[in-house]
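Welcome! Please take a moment to look at the sequence and turn the structure around before you read on.

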Amino acid sequence: MRIAIGAPGNGALLKDALAERLAEDGRVSDVLDLSTPEITYPEVSFQVARAVAEGRVDRGLLICGTGVG
């Protein structure tokens, strides 16, 4: 399974930890990190959704930095 992951800067620690765990999972063939330090939650959410819709990945995982997203 191919998974896109993304988070704004204030969610980077959790995103990095989850990406590491996913990369170690034998069921996951690729983890595509669409985050950048300056990206906003709305922008990264659109990028992850676009990757799923276009078939570049099978699933998307979004992490917000506030707990509200």
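This report walks through the overall fold, one helix, one strand residue and some charged pairs.

This is a predicted model, in which local features need pLDDT of at least 70 and side-chain atom pairs count only at pLDDT 80 or more, while totals for chains, interfaces and linings use all residues. Residues are numbered from 1 along each chain as its sequence is written, and side-chain values use heavy atoms, with hydrogens and water left out.

**The overall fold**

Let's begin with the chain as a whole. It has two helices and three strands; here helices (H or I, at least four residues) and strands (E, at least two) are DSSP runs, numbered from the N terminus. Along the sequence they follow the pattern β-α-β-α-β. The radius of gyration, taken over C-alpha atoms, is 11 Å. The globule rule (2.2 Å times the number of residues to the power 0.38) gives 11 Å for 69 residues, so the chain is as compact as a globular protein of that length. Its C-alpha atoms fill a box of roughly 30 × 25 × 20 Å along the principal axes.

How much of the chain is buried? Of its 69 residues, 30% count as buried, where buried means under 20% relative accessible area, exposed over 50%, and partly exposed in between (1.4 Å probe, protein chains only). Contact means heavy atoms within 4.5 Å. Among the contacts with a separation of 6 or more, 67% come from residues 24 or more positions apart.

**A closer look at helix 2**

Helix 2 covers residues 41-53. The expected span of a helix is 1.5 Å times one less than its number of residues; for the 13 residues here that gives 18 Å, and the end C-alpha atoms are indeed 18 Å apart. Which residues of helix 2 are buried? They are Val44, Ser45, Val48 and Ala51. Seen down the helix axis, these buried residues fall within an arc of 125° (using directions from the axis to the C-beta atoms), so they line one face of the helix. Strand 1 (2-6) and strand 3 (59-62) are included in what covers them. On the face turned away from the buried side sit the exposed residues Phe46 and Ala53. After helix 2 comes Gly55, whose phi is positive, near 80°.

**Ala4 in strand 1**

Ala4 lies in strand 1 and is buried, at 0% relative accessibility. Leaving aside neighbours within four places in sequence, Ala4 has contacts that include Val48 and Ala51, two of the buried residues of helix 2. Leu32, Leu34 and Leu61 are also among its contacts.

**Charged pairs**

Side chains of opposite charge can pair when their charged atoms come close. A salt bridge is a side-chain nitrogen of Lys or Arg within 4 Å of a carboxyl oxygen of Asp or Glu, and by this rule there are five. Three of them are listed below.

| Salt bridge | N to O distance |
|---|---|
| Lys15 and Asp33 | 2.8 Å |
| Arg27 and Asp25 | 2.6 Å |
| Arg56 and Glu54 | 3.1 Å |

Lys15 is buried, with a relative accessible area of 6%, whereas Asp33 is partly exposed at 36%. In the second pair, Arg27 is exposed at 65% and Asp25 is partly exposed at 22%. Salt bridges that share partners also join Lys15, Asp16 and Asp33 into one network.
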